[in-house]
Amino acid sequence: MKLNFKSSKDFVDQNSRYMDILYQTEKELFDNKKKYLGKINNLLNTLEIPNGYIIEAGVWQGDIYKIFQTYFGHHRCIGFDIEKYINDSSIIYGDFRKIHTQYNFKCSLFFNGLGAWKYNRSSKQSGLDYATKNLVIGGYYLDTNINNDSHTMPPACFDKVITDNKFFLVYKKVTEYA
């Protein structure tokens, strides 16, 4: 099944395994993304990450999630995905938009890997909402910056952190959300 790039429906609503379809049609984009994976440790080394869980929503094949587990330890990492792409007991399965309110983990880093804002607006927004509510002060919200993806700016409780990483947009939570 092809994805309708002109639809206002999130890709996940068109096909819950949309990432597999995208990988087949946008292989070059995903291969470019993998070039930045090795730089994640460099990025993490520049951030003072407080205590709390490391959460990735939209784990897919687990490339980034496995880096987080190695860097922070498996015991600190929790993943979410709608499909079981990999076998990992620390991943919670279901539609994040529907289940995120059931899992209020205080987190120090939240990676919103729920696709691109342009094609997954309600999914991405649920990730941002979760981070706004559950990140501890001093925690970080990471989002992708692929092809200058148009995204929604986080609320005023976040400050943008300037990094030289072209794959991630990094925001630090500086106050509680009012």
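1. In this note, contact means heavy atoms within 4.5 Å. The model under discussion is a predicted one. On that definition, and leaving aside neighbours within four places in sequence, F68 is in contact with I40, L44, I54, E56, G73, C77, L109 and F111.

2. F68 also matters to the description of the nonpolar interior. The largest nonpolar core comprises 23 residues, and F68 and F168 are those with the most contacts inside it. At least two residues of this core come from each of α4 (40-46), α5 (63-72), β4 (107-112), β5 (135-144) and β7 (168-173). The greatest contribution is that of α5, which supplies five residues.

3. A further core lies apart from the one just described. This other core has 20 residues, including F96, F110, A131 and F158.

4. The sheet is open and has seven strands, in the order β3-β2-β1-β4-β5-β7-β6, with mixed pairing. The edge positions are taken by β3 (91-93) and β6 (158-161); each has a single partner strand, so one side of each is left without a neighbour in the sheet. From one strand to the next, the twist averages 20°.

5. Within the sheet, five bridges join β5 and β7, which pair in the antiparallel sense. One residue to inspect here is T144, whose bridge partner in β7 is F168. F168 is also one of the two residues with the most contacts inside the largest nonpolar core.

6. Two helices may be described against the sheet. Helix α5 lies across β1 (53-57), β2 (77-81), β3, β4 and β7, and runs at about 170° to β2. Helix α7 (residues 121-134) packs on the sheet as well, where it touches β1, β4, β5, β6 and β7. The direction of α7 makes about 160° with that of β5.

7. Helix α5 also packs with helix α3 (residues 27-37), at an angle of about 10° and with the axes 11 Å apart. Because angles under 35 degrees count as roughly parallel, α3 is described as roughly parallel to α5.

8. Which residues of α3 and α5 meet? On the α3 side they are K33, K34 and L37, and on the α5 side D63, I64 and I67. Sorted by class, the contact of α3 with α5 has three nonpolar and three charged residues, and no polar ones.

9. Taken together, these points place α5 in several settings: α5 gives the most residues to the largest core, lies across five named strands, β1, β2, β3, β4 and β7, and packs with α3.

Definitions and conventions. Residues numbered from 1 in each chain as written. Predicted model: local features only at pLDDT ≥ 70, side-chain atom pairs only at ≥ 80, totals over all residues. Heavy atoms only, no water. Core = buried A, V, L, I, M, F, W, Y, C linked by side-chain atoms within 4.5 Å. Buried < 20%, exposed > 50% of the residue type's maximum accessible area, 1.4 Å probe, protein only. Helix = DSSP H or I, 4+ residues; strand = E, 2+ residues; numbered from the N terminus. Axes fitted to C-alpha atoms, helices over the stretch in contact; angles between N-to-C directions. Parallel < 35°, antiparallel > 145°, perpendicular 65-115°, else oblique. Nonpolar A, V, L, I, M, F, W, Y, C, P; charged D, E, K, R; others polar. Pairing = 2+ DSSP bridges.
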